[in-house]
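Thanks for asking me to look this one over. My notes are below as numbered points, so feel free to read them with the model open beside you.

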Amino acid sequence: MTVPDADVARDDLTPELCSWADVESEPEPKSASSQPSLDLPPWVDLRRYHQSGFSRGRPGWIVLLWWLVQAIAFPLTLHAHHAPRRALLRLFGAKIGRDVVIRPTARFTYPWNVEIGDYSWIGDDVVFYSLDRIWVGAHCVISQNTYLCTGSHDIKDPTFRLKTGAIAIGNGVWVATGCFIAPGVQIGANSVIGVRSTVLHPMPATYVCWGAPCRPQHPRERLQPHA
Ligand SMILES: CC(C)(COP(=O)(O)OP(=O)(O)OC[C@H]1O[C@@H](n2cnc3c(N)ncnc32)[C@H](O)[C@@H]1OP(=O)(O)O)[C@@H](O)C(=O)NCCC(=O)NCCS
């Protein structure tokens with residue numbers, strides 16, 4: 001089969017030419033061809049997508065107000081002054097502990113679903129995609145560009161149903177730069193999640209873990225605390 005270029009493929013996928021999710025088509029065998037089919041009928045009909053089983057937890061006007069605050073007020077706050085950002089998040093229902101560090105480019109979808117324990121650090125461009133609860137313990141570090149994702153979709157469902165799952169990160173955990181934490185994941189206390197890891201399953205306490213998918217690699221060693 002000749003693979004059309006991207007623009008032609010997009011034109012071929014108009015509703016008029018497709019019978020959408022009702023059309024039977026089989027999964028393509030993995031080794032059938034070096035060029036995959038692009039123009040099969042879609043198995044999902046995004047016109048039927050709805051969020052009837054999902055609640056944002058606050059009225060729409062509060063969500064809108066929060067997004068304005070985050071877009072306008074957050075970037076105006078000083079990089080090293082975290083108190084105004086803590087105060088704004090608390091105003092919108094987040095539970096933020098003592099002396100938590102939150103960089104101005106961190107993003108929170110619904111702050112009322114977020115709890116962060118004392119002395120934790122939230123780095124630049126960290127995203128709390130908090131459709132569901134996100135709990136971060138005390139003395140945790142969530143490094144730059146990490147994405148805490150509580151939302152997904154049912155890929156078998158033609159309506160692409162939204163699914164959510166809470167995330168919990170134990171005390172003393174370091175999630176290094178650029179990690180993805182999936183819905184429903186729990187990370188045990190004092191573990192380390194190595195750079196660029198994709199965490200799809202719960203991780204035990206006091207382990208160094210990394211990879212895509214992330215796996216426990218070895219116990220975390222510890223120097224004796226100074227007297
Ligand atoms: C996890 C981490 C702390 C190292 O842990 P460690 O147990 O001391 O591991 P080592 O450095 O001894 O590496 C052991 C092996 O695992 C590999 N490894 C370490 N972290 C890895 C990761 N995230 N993904 C894949 N492989 C990794 C190393 O390449 C090394 O492989 P090798 O033996 O073939 O050379 C470190 O890799 C890391 O992720 N640091 C985060 C850096 C960061 O995010 N900085 C910015 C925020 S300040």
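**Notes on the predicted model**

1. Let me start at the C-terminal end, where β18 pairs with strand β19 (residues 214-219) in the antiparallel sense over five bridges. Strands here, like helices, are DSSP runs numbered from the N terminus (helices H or I, at least four residues; strands E, at least two), and two strands pair if DSSP finds at least two bridges between them. A hairpin of two residues links β18 to β19, and tyrosine 207 sits opposite proline 219 in β19.

2. A word on how to read all this. This is a predicted model, in which local features need pLDDT of at least 70 and side-chain atom pairs count only at pLDDT 80 or more, while totals for chains, interfaces and linings use all residues. Numbering runs from 1 along each chain as its sequence is written.

3. Confidence (pLDDT, the predictor's own score for each residue, from 0 to 100) averages 89 over the protein chain, and 87% of the residues score at least 70. Please treat residues 1-20 separately: their pLDDT is below 50, and the stretch has 21 contacts in the model beyond near neighbours in sequence. A contact here is two residues with C-beta atoms, placed from the backbone, within 7 Å.

4. Which strand gives the largest share of the shell around the ligand? That is β18 (residues 207-211), with three residues. The residues around the ligand (C-beta atom, placed from the backbone, within 6 Å of it) include Ser143, Ala176, Arg196, Ser197 and Trp210. By class, the shell has five nonpolar, five polar and one charged residues; Ala, Val, Leu, Ile, Met, Phe, Trp, Tyr, Cys and Pro count as nonpolar, Asp, Glu, Lys and Arg as charged, and the others, Gly among them, as polar.

5. Serine 197 deserves a closer look. It lies in the loop between β16 (192-193) and β17 (198-199). Is serine 197 buried or exposed? Serine 197 is buried, because 24 other C-beta atoms lie within 10 Å; the cut-offs are 20 or more for buried, 12 or fewer for exposed, and partly exposed in between, with C-beta atoms placed from the backbone. Leaving aside neighbours within four places in sequence, serine 197 contacts Cys179, Cys209, Trp210, Gly211, Ala212 and Cys214.

6. There are two open sheets to trace. One has five strands in the order β1-β4-β7-β12-β15, with parallel pairing. β1 (95-96) and β15 (186-187) are at its edges with a single partner strand each, so one side of each is left without a neighbour in the sheet. β1 and β4 (residues 114-116) share two bridges, and lysine 95 stands opposite glutamate 115 in β4.

7. The other open sheet, also of five strands, runs β3-β6-β9-β14-β17 with parallel pairing. Its edge strands, β3 (107-108) and β17, each pair on one side only. Three bridges join β6 to β9, and tyrosine 129 has cysteine 149 of β9 as its bridge partner.

8. Finally, the core. The largest nonpolar core (buried Ala, Val, Leu, Ile, Met, Phe, Trp, Tyr and Cys residues joined through C-beta atoms within 7 Å) has 37 residues, of which Ile181, Ile193 and Val199 touch the most other members. Elements supplying at least two residues each include α3 (83-91), β4, β6 and β16.
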